[in-house]
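Please open the model in your viewer and keep the sequence panel beside it. The stops below suggest what to select next and say what is found there.

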Amino acid sequence: MAGKGRLSPTLVSYMPPDGQMSRYSNRRPDSARGVPILLYHRVSDDPAPGLEHYCVSPANFRRQMAWLQAGGYETILLDTLVDHYTSAAALPARPVVITFDDGYRDNLDNAYPVLESLSLRAIIFLVAGAVGRKAGWDAAFGAPPSLLSWPEIRMMAKGPITFGAHTINHPHLCQITAQDAWNEISGARTILEDGLGHEVSSFAYPYSDFSEEVRGFVARAGYRAACSSIWGLSTSADDVYALRRLIVGGGDSLESFARKVSGTSGTRRTWHPVLSRIKRFITRSQSASTGGSSLV
Ligand SMILES: [Zn+2]
């Protein structure tokens, strides 16, 4: 808890009391609020104009991860959370799931060293057909950034990173044929399992674009769970094929990050400038979750 002393009293107030950090329990860890599943994309000082919302600076990422560690949060695997929801497996007192969509190379350059140094775990959802290439889905915003290569992915898999699937080509799954959607979902699992040499159990919907049919394809393809971008803390009441996440954006201060993780975003005890910013952010996230134009 050495980090607590360097944080403002406001930020410390969001942390759990000392002595509760490593207790495991079969009860839901925070029944009133749920488990934060954080959603990152790029971690870079060089976001494409128009995509700043989807790019967190390396300095802010390090501060956010340090805050989690200082607050006694323990990163858990998505599989562990699903085990908890389906069979009441134990969770730490303060669980958090860290996810990255798309598999940008800057995740290795700027996030991996931080995660490794703080012993935090994360899952990266890869676009199976774009490994080692450029993020063509960002091309409308300038030169597309590089994506992780297979050697990089395999190296990271030996450390604190697990990998999930994010389709083969990053389409809007509700805007292609059912056959193509099935191929994107089931084919991604095959490609990634061949590349990694082990099972891939989780999926994330590009643009959070899914329907009951698409959800069914994910289940039939053998995935155990799927992440959406529907805003909110995750609870056992959630569909495991539509898990809620909290997007962490380029505009997040450490204060707004802390509010998201602690489940106090939007409460009346926030001061007004922060509250209005959070409300705008939630509105944008909700529009993204309903198939809006923003990239997820
Ligand atoms: Zn994506």
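## Where two helices pack

Begin by selecting helix α6 together with helix α7 (residues 212–220), which pack at an angle of about 35 degrees with their axes 9 Å apart. If you display the side chains at this place, the residues that make the contact are Ala178, Ala181, Trp182 and Ile185 from α6, and Glu213, Val214, Phe217 and Val218 from α7. Sorted by class, the residues of this contact of α6 with α7 are 7 nonpolar, no polar and 1 charged. As you turn the view, note that α6 passes α7 in a right-handed crossing. The model you are looking at is a predicted one, and everything on this tour should be read with that in mind.

## One residue of that contact

Now select Ala181 alone, which lies in helix α6, a helix that spans residues 178–196. Is Ala181 buried or exposed? Ala181 has 23 other C-beta atoms within 10 Å, and it is buried because 20 or more are enough for that. Leaving aside neighbours within four places in sequence, Ala181 is in contact with Leu173, Ile176, Val214 and Phe217. To see a separation in space beside one along the chain, draw a line from the C-alpha atom of Ala181 to that of Thr167, which is 14 residues away along the chain and separated from Ala181 by 8.7 Å.

## Helix α2 and its two partners

Move next to helix α2 (residues 58–70) and add helix α8 (residues 254–262), whose axis is 10 Å from that of α2 and packs against it at an angle of about 45 degrees. This angle makes α2 oblique to α8. On the α2 side the contact is made by Arg63, Gln64 and Trp67, and on the α8 side by Leu254, Phe257 and Ala258. By class, this contact of α2 with α8 has 4 nonpolar, 1 polar and 1 charged residues. The crossing, in which α2 passes α8, is right-handed.

Keep α2 selected and replace α8 with helix α4 (residues 106–117), where the axes of α2 and α4 come within 10 Å and cross at roughly 20 degrees. The two helices α2 and α4 are therefore roughly parallel to each other, and their crossing is right-handed. Here Pro58, Phe61, Arg62 and Met65 in α2 meet Asn110, Ala111, Val114 and Leu115 in α4. The contact of α2 with α4 has, by class, 6 nonpolar, 1 polar and 1 charged residues.

## The two sides of helix α3

Select helix α3 (residues 78–87), and colour its buried residues, which are Leu78, Leu81 and Tyr85. Why do these residues lie on the same side of α3? They cover an arc of only 65 degrees around the axis, and so they are placed on the same side of the helix. An α-helix has 3.6 residues a turn, so residues three or four places apart point the same way. Among the elements that cover the buried residues of α3 are β7 (95–102), β8 (122–126), β10 (202–204) and β11 (225–231). On the other side of α3, by contrast, Thr86 and Ser87 are exposed.

## Two positive phi angles

Step on from the end of α3 to Ala88, which follows the helix and has a positive phi near 60 degrees. Most residues other than glycine have a negative phi. Ala88 is found in the loop between α3 and β6 (91–92), and it is exposed, with 12 other C-beta atoms within 10 Å.

Then select Tyr207, which also is not a glycine and has a positive phi of about 60 degrees. Tyr207 sits in the loop between β10 and α7, and with 24 C-beta neighbours inside 10 Å it counts as buried.

## A stop in helix α5, then the whole chain

Select Glu152, which is found in helix α5 (residues 150–157) and counts as partly exposed, with 18 C-beta neighbours inside 10 Å. From the C-alpha atom of Glu152, a line to that of Val131 covers 9.9 Å in space, although the two are 21 residues apart in sequence.

Finally, show the whole chain, which has 9 helices and 12 strands. Of the 296 residues in the chain, buried residues make up 44%. Of the contacts with a separation of 6 or more, 67% join residues that are 24 or more positions apart.

How values were computed
Residues numbered from 1 in each chain as written. Predicted model: local features only at pLDDT ≥ 70, side-chain atom pairs only at ≥ 80, totals over all residues. Helix = DSSP H or I, 4+ residues; strand = E, 2+ residues; numbered from the N terminus. Contact = placed C-beta atoms within 7 Å. Arc of directions from axis to C-beta. Axes fitted to C-alpha atoms, helices over the stretch in contact; angles between N-to-C directions. Left-handed = near helix turned anticlockwise from the far one by under 90°. Nonpolar A, V, L, I, M, F, W, Y, C, P; charged D, E, K, R; others polar. Parallel < 35°, antiparallel > 145°, perpendicular 65-115°, else oblique.
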